[in-house]
Amino acid sequence: MSLPKSIKIGYATFSDHIHTPERLRARARQLFDWIIGGQLTIRIGGTYDLADAAKAHSDMESRATTGKLLLIP
């Protein structure tokens, strides 16, 4: 049997877990505290000029990247 590489059954949204703007701000603050404190590492997989957004999208589709991609204006 052949299955796709990625199967999406369903997903939660922010509003399912964070019900108020105050709670969103508190969780965002906690997230950035973790990053600043070194408890959470963000992998930057590549940077692209904004004019090269199509190339970034193509690289994502072809699975040629890992981590987050940044578009730089």
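User: Is Arg 63 buried or exposed, and what do those words stand for?

Analyst: The idea is to look at relative accessible area: under 20% is buried, over 50% is exposed, and partly exposed lies in between (1.4 Å probe, protein chains only). Arg 63 has a relative accessible area of 53%, so it is exposed. Before we go on, this is a predicted model, where local features need pLDDT of at least 70 and side-chain atom pairs count only at pLDDT 80 or more, while totals for chains, interfaces and linings use all residues. Residues are numbered from 1 along each chain as its sequence is written, and side-chain values use heavy atoms, with hydrogens and water left out.

User: Where is Arg 63 found?

Analyst: You can place a residue by the elements around it. Helices (H or I, at least four residues) and strands (E, at least two) are DSSP runs, numbered from the N terminus. Arg 63 is found in the loop between H3 and S2. Look at its backbone too: phi is positive, about 60°, although Arg 63 is not a glycine.

User: Which residue with a positive phi follows H2?

Analyst: That's Gly 38, with phi near 80°.

User: How many helices and strands does the protein chain have?

Analyst: Count three helices and two strands. Read from the N terminus on, the elements go α-α-β-α-β.

User: What span should helix H2 have?

Analyst: The expected span of a helix is 1.5 Å times one less than its number of residues. Helix H2 (residues 21-36) has 16 residues, so it should span 22 Å, and its end C-alpha atoms are 22 Å apart, which agrees.

User: How many bridges join strand S1 to strand S2?

Analyst: Start with the pairing rule: two strands pair if DSSP finds at least two bridges between them. Here S1 (residues 44-49) and S2 (residues 68-72) are joined by five bridges, and they run parallel. Try following a couple of opposite positions: Gly 46 faces Leu 69 in S2, and Asp 49 stands opposite Ile 72 in S2.

User: How does the chain cross from S1 to S2?

Analyst: Through helix H3 (residues 53-61), in a right-handed β-α-β crossover. To read the hand, point the strands away from the viewer: a crossover is right-handed if the path from the first strand over the helix to the second runs clockwise.

User: What does Gly 67 touch, not counting residues up to four places away in sequence?

Analyst: A contact means heavy atoms within 4.5 Å. Gly 67 touches Arg 43 and Gly 45 on that count. Gly 67 sits in the loop between H3 and S2, and at 44% relative accessibility it counts as partly exposed. Its C-alpha is 7.8 Å from that of Gly 46, with their positions 21 residues apart in sequence.

User: How many salt bridges are there?

Analyst: The rule asks for a side-chain nitrogen of Lys or Arg within 4 Å of a carboxyl oxygen of Asp or Glu. That gives two salt bridges. One joins Glu 22 and Arg 25, whose closest N and O atoms are 3.8 Å apart. These two are three residues apart in helix H2, so about one helical turn separates them. Arg 25 is partly exposed, at a relative accessible area of 49%.

User: Which residue forms a salt bridge with Asp 59?

Analyst: Lys 55 does, and the closest N and O atoms are 2.9 Å apart. Lys 55 and Asp 59 are four residues apart in helix H3, so they too are separated by about one helical turn. Lys 55 is partly exposed, with a relative accessible area of 48%, whereas Asp 59 counts as buried at 11% relative accessibility.

User: What polar contact does the side chain of Tyr 48 make?

Analyst: A polar contact is a pair of N or O atoms within 3.5 Å; within protein, one must be able to donate a hydrogen and the other to accept it, and residues adjacent in sequence count only if both atoms are side-chain atoms. The side chain of Tyr 48 makes one with the side chain of Asp 59, at 2.5 Å. Tyr 48 is found in strand S1 and is buried, with a relative accessible area of 13%. Leaving aside neighbours within four places in sequence, its contacts include Lys 55, Ala 56 and Thr 65. Asp 59, on the same basis, is in contact with Tyr 48, Ala 64 and Thr 65.
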